[in-house]
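Let's take a walk through this one together. Have the viewer open, and we'll go from the DNA contacts inward to the protein core.

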Number of protein chains: 2
Amino acid sequence: MKPKSASIKDVAAAAGVSRATAARVLGGYGYASGQVHEAVLGAARELDYAPSRMAKAMRTGQSQLIGFVSADITDGLFSEALGGICRIAEPLGYQVVVFNSADRLDGEREGIRNLLSHGVEGLIVSPVVVSQREHLQAAARAVPLVCLDRAPEGLPSVVSDNAGAARRAVQSLVEHGHHQIGLVSSVQAEEPIVIDSSDQILRVLGPDRPSVLRARGFVDGMHDAGLPIGPGQLCFTPHLAEDAQLRVTQWLEAKDGLTAVLAADSYQARYVYRALRLLRRRVPEDLSLIVFSDAEWTEFVVPPLDTISLDGAEMGARAAGALFELIRGSAQATSEVISAIHRPGQSVVTLSAEATAT
Amino acid sequence: MKPKSASIKDVAAAAGVSRATAARVLGGYGYASGQVHEAVLGAARELDYAPSRMAKAMRTGQSQLIGFVSADITDGLFSEALGGICRIAEPLGYQVVVFNSADRLDGEREGIRNLLSHGVEGLIVSPVVVSQREHLQAAARAVPLVCLDRAPEGLPSVVSDNAGAARRAVQSLVEHGHHQIGLVSSVQAEEPIVIDSSDQILRVLGPDRPSVLRARGFVDGMHDAGLPIGPGQLCFTPHLAEDAQLRVTQWLEAKDGLTAVLAADSYQARYVYRALRLLRRRVPEDLSLIVFSDAEWTEFVVPPLDTISLDGAEMGARAAGALFELIRGSAQATSEVISAIHRPGQSVVTLSAEATAT
DNA sequence: TTGAAAGCGCTAACAC
DNA sequence: GTGTTAGCGCTTTCAA
């Protein structure tokens, strides 16, 4: 039923040579006479020989495996990233081992430990939080490690320019005549956005994770334009909260002077959309809506929505590229952000409607 | 820089015992005195010992790895499936190695070969085509294998009830007063849908792949309702064809008697949507539109669209469940379809509008 | 040009 | 209870 696949020993025996000779021929190194060469290759074909990478890895330390620890592989951004990683890894003969940390820090720790025990040669991680990074640094001491989408300090990371994109989105809205602009975002329980309005000027504090950076970029954009901005223009709901829809709806109802809204992710955009339907308002006639979203979603979403398109495939590919450079040793691990990504041709927000409010 | 992680030998040395004893303690089998037990555990903690699964796999043949060969990991259905697979595999201590076949049959072959060489204990494959299955059968001889979303004959598979869902969708439309219903679908180059209209009755021929099954269910549903149906009601475009949008638009323009359309996937739904915008018609006021789509897309898509929601997570979880039963040996490989999946509460299509046409 | 042998880290049968 | 030992499949040094 389960015919144990042929090993190099079987091939050697069939070809009537020693294991070492067979290995040399099959491995393509060392010397072998034409005679022997053919015999070995013939035997290998005959027996349908496939080398065991485990054994090879055991001996050489090269497992040809890299690990991807993702907060949610189901999320469009990360599944695109996985696609990008595979696109780079597979032609190099590498396979990707996936671990879904399900947004739990201990899941992330466990995943990293598991993948390392499988002998992965490198690790791409989209960290659950950016402020706890001991386990990441420990892992980075064992194998090359690149962070994706989120950049804990001191670790090589590939992230998109969240703050810059939000800032430009606001700028774009302003150029189209909007003055009353709102932001809708989720906040993570572990690393919340902190708004400091004690001073004259509104400040966004908190760790450098995407939601915070987007909020910061938003506020900066408003400041750039010299527009007044108060805490009331910002709608924050806890990540995956039950009552998120309700809160967004109530907020939107209360702020009926708004002519434009920036949604920090596609969940928020959906809340806004539904709220507008309830309130009998429409996009873009009554409100311009810009949303951060992955390329896949952007591709399919029904217009008119303006999107800041996050190219997960490109992010994944670049992370993998950086990782393989580190594995090869052709680059040093740098603690800087490796690149900021926007989807070509869509990095600058396009708007489908002018502001209609006064 | 890269401190080679401690092996069981190091632990044994540090604890002053033999490798076997250390192994017994760490492996939790055999006997060891309390003294020794503690010493070994202490040493292991001290050295931050992590067992090498490669070595273990080498010895025992249990790599704790399963493989997932997907036609497009970026696709919502398959990324959901991967999530479902991980959800089952991870608590069991298994990791998932991914290979993206990019819809190429030789990619699929290569992926299977690669994953097997890594010693995966089982394989989940979403086959590119259902009619070429020698390589799948060969793989299934080496390790347990379960197919996902597509069911080549004779291999255990987890698929959704594509034909049944399409049939019920038509039935539902008919109950809402629609008579003129169209189908929009892509066709694969390798395994095309074949329409036989030579007889009085329209027949859908071709291999049992999702697109064909959906078309067949559609036609069956029309027959059930006693509605006339001709080839003109079916709009087929080659998969990923450049001019797909144009063809759908032209078809829709020509068939302006239609009051409802079934879209075989989310790409087609998008084409229909765009075509309607061009033609200044709207969903659902002018046309009811039902689309087959993954749950993620369904979740986000802006209403009003009626969806036949394919629950990729459930499919993945069931495939993984079946696979682990086979790995454990607690089940025999059956050649029947293991299950037909619909998303709870959404398996029956709901319509947002009655037919408005005569 | 080829073969013998060691060893990667682990498990398990067997001896003490 | 604990130690010795062989071996999973491969690479690689060294000797022939």
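## Starting at the DNA

Zoom in on Ser18(A): one of its polar backbone atoms sits 3.0 Å from a phosphate oxygen of DNA strand C. Keep in mind that this is a predicted model, and the distances here are computed from it. Ser33(A) does something along those lines too, with a polar backbone atom 2.6 Å from a phosphate oxygen of DNA strand C. Arg24(A) goes for a base instead: an N or O atom in its side chain is 2.8 Å from a base nitrogen of DNA strand C.

Now pull back to the whole surface around that strand. There are 25 residues around DNA strand C, and those that come nearest are Thr21(A), Ser33(A), Arg59(A), Ile8(B) and Arg59(B). So much for names; what about character? By class, the surface near DNA strand C has 14 nonpolar, 6 polar and 5 charged residues. On the DNA side, 52% of the strand C atoms within 4 Å of the protein belong to sugar or phosphate, and the rest to bases.

Which helices do the supplying? For DNA strand C, α2 (19–27) and α4 (53–60) of chain A, along with α2 (19–27) and α4 (53–60) of chain B, each give at least two residues to the nearby surface. The largest share, 5 residues, comes from α4(B).

Swing over to DNA strand D. Here 25 residues are around the strand, with Ile8(A), Arg59(A), Thr21(B), Ser33(B) and Arg59(B) coming nearest. Sugar and phosphate make up 52% of the strand D atoms that come within 4 Å of the protein. α2 and α4 of chain A and α2 and α4 of chain B each supply at least two residues of the surface near DNA strand D, and α4(A) gives the most, with 5 residues.

A few polar contacts are worth clicking on. A polar backbone atom of Ile8(A) lies 2.4 Å from a phosphate oxygen of DNA strand D, while an N or O atom in the side chain of Tyr49(A) is 2.7 Å from a phosphate oxygen of DNA strand D. From chain B, Arg24(B) places a polar side-chain atom 2.8 Å from a base nitrogen of DNA strand D.

Now for the protein itself. Chain A has 13 helices and 12 strands, and buried residues make up 53% of its 358 residues. Among chain A contacts between residues at least 6 apart in sequence, 63% join residues at least 24 apart. The accessible surface of chain A is about 15600 Å², with 50% of that belonging to carbon and sulfur atoms.

In soluble globular proteins, nonpolar side chains tend to be buried together. In the largest nonpolar core here, which has 101 residues, Leu82(A), Phe218(A), Leu82(B) and Phe218(B) touch the most other members. Leaving out residues up to four places away in sequence, Leu82(B) touches residues of both chains, including Ile73(A), Leu82(A), Phe68(B) and Val98(B). Apart from that core lies another, of 30 residues, among them Phe99(B) and Leu115(B).

Last stop: Ser70(A), in strand β1 (residues 65–70) of chain A. Is Ser70(A) buried or exposed? Its relative accessible area is 0%, so it counts as buried. The Ser70(A) side chain has a polar atom 3.1 Å from the backbone nitrogen of Asp72(A), and the side chain also reaches the backbone nitrogen of Ile73(A) at 3.2 Å. Beyond its neighbours within four places in sequence, Ser70(A) is in contact with residues including Phe78(A), Asn100(A) and Ser126(A).

How values were computed. Residues numbered from 1 in each chain as written. Chains lettered and ligands numbered in written order. Predicted model: local features only at pLDDT ≥ 70, side-chain atom pairs only at ≥ 80, totals over all residues. Heavy atoms only, no water. Helix = DSSP H or I, 4+ residues; strand = E, 2+ residues; numbered from the N terminus. Buried < 20%, exposed > 50% of the residue type's maximum accessible area, 1.4 Å probe, protein only. Contact = heavy atoms within 4.5 Å. Areas by Shrake-Rupley, 256 points an atom, 1.4 Å probe, with all protein chains shown as cover. Core = buried A, V, L, I, M, F, W, Y, C linked by side-chain atoms within 4.5 Å. Near = heavy atom within 4 Å. Polar contact = N/O pair within 3.5 Å; in protein donor to acceptor, adjacent residues only side chain to side chain. Nonpolar A, V, L, I, M, F, W, Y, C, P; charged D, E, K, R; others polar.
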